[in-house]
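Please open the structure in a viewer and keep the sequence beside it. The tour below proceeds by selection, one stop at a time.

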Amino acid sequence: PKRRSERLSKRKSTLINKTDELAKLCDVNVALIIRNRQTGHYFTYNSIDLESWSPSKEQIASHHP
């Protein structure tokens, strides 16, 4: 059986690909946030490379504990 971290890595990769596909096909800006419940670590992905777009990790944490 696959370890949890291996499954997470594979699913995260799939989500990133789908997020990118959605952004391109629908001409939208997309932000993806993945938070590990056990460690509290965040992974973020933005379909555009602008510092001013998408909330910071701190802003997200304050609204969605």
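Begin with the whole protein chain in cartoon representation: it holds two helices and two strands. Followed from the N terminus, these elements run in the order α-β-β-α. The model is a predicted one, and every stop on this tour should be read accordingly.

**The chain as a whole**

Switch on a surface for the entire chain. The exposed area comes to about 5700 Å², and carbon and sulfur atoms supply 51% of that area. Of the 65 residues, 11% count as buried. Among contacts between residues at least 6 apart in sequence, 21% join residues that lie at least 24 apart.

**Stop 1: the positive patch**

Which residues gather in a patch of positive charge on the surface? Select R4, R7, K10, R11, R35 and R37, which together form this patch. Helix α1, spanning residues 4-26, gives the most to the patch, with four residues. Now restrict the selection to K10, a residue found in helix α1. K10 counts as exposed because its relative accessibility is 52%, and the cut-off for that class is over 50%.

**Stop 2: a buried threonine in helix α1**

Remain in helix α1 and select T19, which is also located there. Is T19 buried or exposed? With a relative accessibility of 8%, T19 counts as buried, since that class covers values under 20%. To see what surrounds this side chain, display V30, L32 and Y45. These are the residues in contact with T19 once neighbours within four places in sequence are left aside.

**Stop 3: the salt bridge**

How many salt bridges does a search of the whole structure find? The search finds one. Select K24 and D20 and show their side chains, which meet in a salt bridge with a distance of 3.1 Å from N to O. The two residues are separated by about one helical turn because they stand four residues apart in helix α1. Their accessibility may be inspected at this stop as well. K24 is exposed, with a relative accessible area of 63%, whereas D20 counts as partly exposed at 24%.

**Stop 4: the loop after helix α1**

Move on to the loop between α1 and β1 and select D27, which has its place there. What is the phi of D27? D27 has a positive phi of about 55°, although this residue is not a glycine. D27 is exposed, and its relative accessible area is 71%.

**Stop 5: strand β1**

Continue to strand β1, residues 31-35, and select I34, which lies in this strand. I34 is buried, with a relative accessible area of 18%; the value falls in that class because the cut-off is under 20%. Which residues is I34 in contact with, leaving aside its neighbours within four places in sequence? Display K12, L15, H41, Y42 and F43, which make up that set.

One of these contacts deserves a distance label. Draw a line between the C-alpha atoms of I34 and L15: the separation is 9.6 Å, and the two residues are 19 residues apart along the chain.

**Final view**

To finish, display two buried residues in a single view: T19 at 8% relative accessibility and I34 at 18%. Add the side chains of K24 and D20, which meet in the salt bridge, and colour the six-member selection from Stop 1, the positive patch of R4, R7, K10, R11, R35 and R37.

Conventions
Residues numbered from 1 in each chain as written. Predicted model: local features only at pLDDT ≥ 70, side-chain atom pairs only at ≥ 80, totals over all residues. Heavy atoms only, no water. Patch = residues over 30% accessible without salt bridge, like charges linked within 9 Å, V, L, I, M, F, W, Y side chains within 5 Å. Areas by Shrake-Rupley, 256 points an atom, 1.4 Å probe, with all protein chains shown as cover. Salt bridge = Lys/Arg side-chain N within 4 Å of Asp/Glu carboxyl O. Lys, Arg positive; Asp, Glu negative; His and termini not counted. Charge placed at Lys NZ, Arg CZ, Asp CG, Glu CD. Buried < 20%, exposed > 50% of the residue type's maximum accessible area, 1.4 Å probe, protein only. Contact = heavy atoms within 4.5 Å.
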